[in-house]
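Welcome! Take a moment to look over the model shown here, and then we will walk through one part of it together.

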Amino acid sequence: MREFWLDLNELVKDWNTGSIMARLIIAMFIGILIGLDRERKNRGAGIKTHVLVCVGAALTMLTGQYIINYFPGVSADIGRIGAQVVSGVGFLGVGTIIVTGQKHVRGLTTAAGLWATACAGIAIGIGFLEGAAIALLIIIFNLFILDILDKWVHTHNSYYDYYFEFNNNHNISEFITFLKENNIKFTNFNLQKNGSGMGPVLTLTLQLKTKAQEDAIQEYINNKDDVIFAQEV
């Protein structure tokens with residue numbers, strides 16, 4: 001294992017197609033590993049989002065090294081790697097992210113895709129076609145093949161985001177007592193007033209480890225008159 005690590009270390013320090021490919025693939029796997037944890041906990045940014053951001057960042061640094069290697073005598077400050085483009089696309093990506101009425105985040109993968117695409121565009125613009133081509137293949141793999149893994153993780157996770165509307169605040173206390181009695185852990189507790197002037201609105205993440213806990217939640221929603229509306233988001 002130690003020899004493999006040393007060989008890999010030497011490989012990524014070189015400047016050739018193998019080194020470029022190794023760096024981008026390593027970035028992809030780092031994105032997967034980080035994204036798996038977020039996906040398992042049902043957070044907004046999952047596997048695909050993390051891979052896109054990690055590969056895009058790696059490609060940006062590779063492009064900087066490419067400039068140093070092939071444009072050593074250039075007088076312009078092109079080493080900033082199109083900083084205005086990268087930051088500008090970051091703001092553009094924010095515009096694709098929305099929060100629904102049930103506090104569910106949408107558009108993160110789109111925003112990350114825009115940013116990674118901008119990084120690829122910078123690389124292509126400077127003539128770094130090898131890195132851009134490899135990154136393109138990884139991004140396509142991420143968006144299409146990893147989508148299967150994304151869905152599989154979603155169907156096998158034990159964390160569920162719920163949106164509740166209750167009649168009054170007393171119902172909230174009863175609901176929390178019910179969760180504790182059934183050993184159901186909850187996080188991301190967010191209580192606020194209903195915009196329509198009715199009872200309070202509660203959004204939270206429930207950890208349902210067993211089928212019995214899932215059935216208990218469903219039975220509570222179906223049989224309690226104080227729950228005006230409930231939905232998994």
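Strand 3 and strand 5 run antiparallel to each other and pair over seven bridges; two strands count as paired if DSSP finds at least two bridges between them. One of the bridge partners is L204 in strand 5, matched with Y162. Helices (H or I, at least four residues) and strands (E, at least two) are DSSP runs, numbered from the N terminus.

A word on the source: this is a predicted model, where local features need pLDDT of at least 70 and side-chain atom pairs count only at pLDDT 80 or more, while totals for chains, interfaces and linings use all residues. Residues are numbered from 1 along each chain as its sequence is written, and side-chain values use heavy atoms, with hydrogens and water left out.

The pair belongs to an open sheet of four strands with antiparallel pairing, in the order 4-5-3-6. Strand 4 and strand 6 (227-232) stand at the edges with a single partner strand each, so one side of each has no neighbour in the sheet.

Now meet helix 8, residues 169-181. Its 13 residues reach 19 Å from the first C-alpha to the last, close to the 18 Å expected at 1.5 Å a residue; the expected span is 1.5 Å times one less than the number of residues. Which residues of helix 8 are buried? They are N171, I172, F175, I176, F178 and L179, where buried means under 20% relative accessible area, exposed over 50% and partly exposed in between (1.4 Å probe, protein chains only). Seen down the axis of helix 8, these buried residues fall within an arc of 155°, so they line one face; the arc is that of the directions from the helix axis to the C-beta atoms. They pack against strand 3 (159-166), strand 4 (185-192), strand 5 (201-207) and helix 9 (211-223), contact meaning heavy atoms within 4.5 Å. On the face turned away from the buried side, helix 8 carries the exposed residues H170, K180 and E181.

At the start of helix 8, a side-chain oxygen of N168 comes to within 3.0 Å of the backbone nitrogen of H170.

Finally, two asparagines deserve a look. Most residues other than glycine have a negative phi, yet N183 and N188 each have a positive one.

| Residue | Location | Phi | Relative accessibility |
|---|---|---|---|
| N183 | loop between helix 8 and strand 4 | near 55° | 61%, exposed |
| N188 | strand 4 | near 55° | 45%, partly exposed |

Technical notes
A polar contact is a pair of N or O atoms within 3.5 Å; within protein, one must be able to donate a hydrogen and the other to accept it, and residues adjacent in sequence count only if both atoms are side-chain atoms.
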